[in-house]
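Here are some exercises to work through at your own pace. Try each task before you read its solution.

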Amino acid sequence: MMVVTTYLLTTGWYEEFLKIIPDGKLFSLRAVFEAIPGILQNLPITLLLTAGGAVFGILLAMVFAIVKINRVKVLYPIQAFFVSFLRGTPLLVQLMLTYFGIPLLLKAINQKYGTSFNINEIPASVFAIVAFAFNEAAYASETIRAAILSVDPGEIEAARSLGMTNKQVYMRVIIPNAAVVATPSLINSLIGLTKGTSLAFSAGVVEIFAKAQAIAGADYRYFERFISVSLIYWAVNILIEQLGRWIEKMMDIKQPDKFESLQQAEGEGI
């Protein structure tokens, strides 16, 4: 994003473009586009929060889903408590609990075990990613659980009859089939997570929303700057949506041509 911003500012064409856009006292359309290059400088932070929360969230969601399906002793009540709490409390509250709770936990560990964790060296983005990951896991776990349960039991039994272990059954049969079912819902969750990263400014993370507020504080053009950042969010989520459609297309299982010809022949009564 730094390359894109530098290109916009150094080539000169963007400044010429801004001169064409009308300016006004009550509302300035030019101010909307003036802020975009500055806001784009912090887009990598937003993408980092999104990617980190999504990756760790999906991994944790798979654990939650498997624990719930198999009703694992001891772990199942813990999973049920976490999912209920995370789904029943606002993301902003969870972010604050993570931001203030992790340092307290590390201090307690230092005092009890004599460790030397330096809390001040931990970036605020780490706290935000942890909060986003747990929140994402709470919702995605139900999506993944439903997708796993939708897999044809006949395929699972066939895999086990071939001598596959439980791990092989999950890796070769259940997860590939469940991924096809779960992908559309997970893409929607990813879009929601991207928009949710705007709350990270509450934990001191300067992502694109916080950057828009900082720029607006200089000239009090808050409405225009919020339009600027909304356009960026919109563009990013459109790209995520297109990526999701491409993934769905790649995962789509196509029937062989011979099978389609046979079905067509049967339909024509041949």
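A salt bridge is a side-chain nitrogen of Lys or Arg within 4 Å of a carboxyl oxygen of Asp or Glu. The model is predicted, so local features need pLDDT of at least 70 and side-chain atom pairs count only at pLDDT 80 or more, while totals for chains, interfaces and linings use all residues. Residues are numbered from 1 along each chain as its sequence is written, and side-chain values use heavy atoms, with hydrogens and water left out.

**Exercise 1. Salt bridges**

Task: Find out how many salt bridges there are, and look at the partners of glutamate 142, glutamate 16 and glutamate 224.

Solution:

Step 1. Side chains of opposite charge can pair when their charged atoms come close. The salt-bridge rule gives a count of six.

Step 2. Start with glutamate 142, which meets lysine 68 at 3.1 Å, N to O. Glutamate 142 belongs to helix 8 and lysine 68 to helix 5, so this pair ties together parts that are 74 residues apart in sequence. (Helices are DSSP runs of H or I with at least four residues, numbered from the N terminus.) Lys68 and Glu142 also join Arg145 in a network of salt bridges.

Step 3. Now take glutamate 16 and lysine 19, whose closest N and O atoms are 3.6 Å apart. Both lie in helix 2 (residues 13–20), three residues apart, or about one turn of the helix.

Step 4. Finish with glutamate 224 and arginine 221, where the closest N and O atoms are 2.9 Å apart.

**Exercise 2. Buried or exposed?**

Task: Sort the salt-bridge partners lysine 19, glutamate 16, lysine 68, arginine 221 and glutamate 224 by their relative accessible area.

Solution:

Step 1. Recall the cut-offs: buried means under 20% relative accessible area, exposed means over 50%, and partly exposed lies in between (1.4 Å probe, protein chains only).

Step 2. Lysine 19 is exposed because its value is 58%. Glutamate 16 has 46% and is therefore partly exposed, and lysine 68, at 24%, is partly exposed too.

Step 3. Arginine 221 counts as buried because its relative accessibility is 17%. Its partner glutamate 224 is buried as well, at 3%.

**Exercise 3. A nonpolar patch**

Task: Which helix gives the most to the nonpolar patch?

Solution:

Step 1. A nonpolar patch joins nonpolar side chains (Val, Leu, Ile, Met, Phe, Trp, Tyr) within 5 Å, from residues with over 30% relative accessible area and no salt bridge. Here the patch covers about 820 Å², and its members include Val74, Phe81, Leu97 and Phe134.

Step 2. Two elements give two or more residues to the patch: helix 6 (75–88) and helix 7 (91–113). Helix 6 gives the most, with five residues.

Step 3. Check valine 74, which sits in the loop between helix 5 (43–70) and helix 6. Valine 74 counts as exposed because its relative accessibility is 62%.

**Exercise 4. Annotated stretches**

Task: Which residues does UniProt list for "transmembrane region", and how much helix do 45–67 and 122–140 hold?

Solution:

Step 1. The unreviewed UniProt entry lists residues 45–67, 74–102, 122–140 and 169–191. UniProt positions follow the numbering used here, feature names are shortened, and annotations may be inferred rather than shown by experiment.

Step 2. Residues 45–67 are 100% helix and 0% strand, with the end C-alpha atoms 33 Å apart. (Strands are DSSP runs of E with at least two residues.)

Step 3. Residues 122–140 are 89% helix and 0% strand, and here the end C-alpha atoms are 27 Å apart.

Methods
Patches are made of residues with over 30% relative accessible area and no salt bridge: like charges are joined within 9 Å, nonpolar side chains (Val, Leu, Ile, Met, Phe, Trp, Tyr) within 5 Å. Accessible areas come from the Shrake-Rupley method with a 1.4 Å probe; for residues, only the protein chains shown count as cover.
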